[in-house]
Amino acid sequence: MSSPNQSTVHIDLPEGRVVLAPLFGPQDAHRRVIEKRLGVRMAGRGTQLHVTGPDEKLAFAERVLGELIDVVRSGAPLFLQDIQQAISVMEGDGSVELKALRGRNLLVTHDRRRITPKSSNQSTYLDEMARCDVVFAVG
């Protein structure tokens, strides 16, 4: 039941639990963080995700959840810090797509670790490092 200033959005997930389980996380830890950070309530029922919250927060929550669902569907693991970072990045830059940030890596030669940008500015910086011999950054 929703109050007058709250609405419910239903997101169809044909994969059902295959997507809901990683999205909600172990013992619903991810779900609790998402609910707290976005100011909404979530419930998974069969092949639907129900999101209830204030009208002004619901659109942003639906966009964040859509991006997180795309990450899960791509087969990438979803960790708690990834969710925190995704929400922070999307709060700062509403036009960013998580798929674009996650898919780009710069290989560090000495120990073969991969560096993944966590914001659009970091992505631009990595692009410049790949394109130019010398890159200066301020800040």
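Select Gln 27, which is found in the loop between H1 and H2. The model on the screen is a predicted one, and this loop is a convenient place from which to begin the tour.

**The loop between H1 and H2**

With Gln 27 selected, inspect the backbone: its phi is positive, about 50 degrees, although the residue is not a glycine. Most residues other than glycine have a negative phi. Display the surface next, and Gln 27 proves to be exposed, with a relative accessible area of 74%.

Move to Asp 28, which lies in the loop between H1 and H2 as well. Asp 28 also has a positive phi, of about 60 degrees, and is likewise not a glycine. Is Asp 28 buried, partly exposed or exposed? Its relative accessible area is 28%, and Asp 28 is partly exposed.

Now select Gly 25, the residue that follows H1. The phi of Gly 25 is positive too, near 80 degrees.

**The whole chain**

Zoom out and colour the chain by secondary structure. The chain has six helices and five strands. Followed from the N terminus, the elements are arranged in the order β-α-α-β-β-α-α-α-β-β-α. Of the 139 residues in the chain, 32% are buried. Consider also the contacts between residues at least 6 apart in sequence: 54% of these join residues at least 24 apart.

**Helix H1 and its two faces**

Select residues 17–24, which form helix H1. Which residues of H1 are buried? They are Val 19, Leu 20, Leu 23 and Phe 24. These four lie on the same side of H1, because they cover an arc of only 115 degrees around the axis. Rotate the view to the face turned away from this buried side, where the exposed residues Arg 17 and Val 18 are found.

To see what the buried residues of H1 pack against, display four further elements: helix H2 (29–38), strand E2 (41–45), strand E3 (48–54) and helix H3 (55–73).

**H1 against H3**

Keep H1 and H3 in view and hide the remainder. The axes of these two helices are 10 Å apart, and the helices pack at an angle of about 110 degrees. H1 and H3 are therefore roughly perpendicular to each other. Their crossing is right-handed. To display the contact, select Val 18, Val 19, Pro 22 and Leu 23 in H1, together with Leu 65, Leu 68, Ile 69, Val 72 and Arg 73 in H3. Sorted by class, the residues of this contact comprise eight nonpolar, no polar and one charged.

**The loop after H3**

Proceed to Gly 75, in the loop between H3 and H4. Gly 75 is exposed, and its relative accessible area is 61%. Use the distance tool between the C-alpha atoms of Gly 75 and Val 19: they are 9.7 Å apart in space, while the two residues are 56 apart in sequence.

**H3 against H4**

Bring H4, residues 80–92, into view and examine it beside H3. The axes of H3 and H4 are 11 Å apart, and the packing angle is about 130 degrees. H3 and H4 are therefore oblique to each other. H3 passes H4 in a right-handed crossing. Which residues meet here? From H3, select Phe 60, Arg 63, Val 64, Glu 67 and Leu 68; from H4, select Ile 83, Ala 86, Ile 87, Met 90 and Glu 91. This contact of H3 with H4 has seven nonpolar and three charged residues, with no polar ones.

**H2 against H4**

For the last stop, display H2 together with H4. Their axes come within 10 Å and cross at roughly 20 degrees. Angles under 35 degrees count as roughly parallel, and H2 and H4 are therefore roughly parallel to each other. The crossing of H2 and H4 is right-handed. On the H2 side, the contact is made by Ala 29, His 30, Val 33, Ile 34, Arg 37 and Leu 38. On the H4 side, select Leu 80, Ile 83, Gln 84, Ile 87, Ser 88 and Glu 91. By class, the contact of H2 with H4 consists of seven nonpolar, three polar and two charged residues.

Key
Residues numbered from 1 in each chain as written. Predicted model: local features only at pLDDT ≥ 70, side-chain atom pairs only at ≥ 80, totals over all residues. Heavy atoms only, no water. Buried < 20%, exposed > 50% of the residue type's maximum accessible area, 1.4 Å probe, protein only. Arc of directions from axis to C-beta. Contact = heavy atoms within 4.5 Å. Axes fitted to C-alpha atoms, helices over the stretch in contact; angles between N-to-C directions. Parallel < 35°, antiparallel > 145°, perpendicular 65-115°, else oblique. Left-handed = near helix turned anticlockwise from the far one by under 90°. Nonpolar A, V, L, I, M, F, W, Y, C, P; charged D, E, K, R; others polar.
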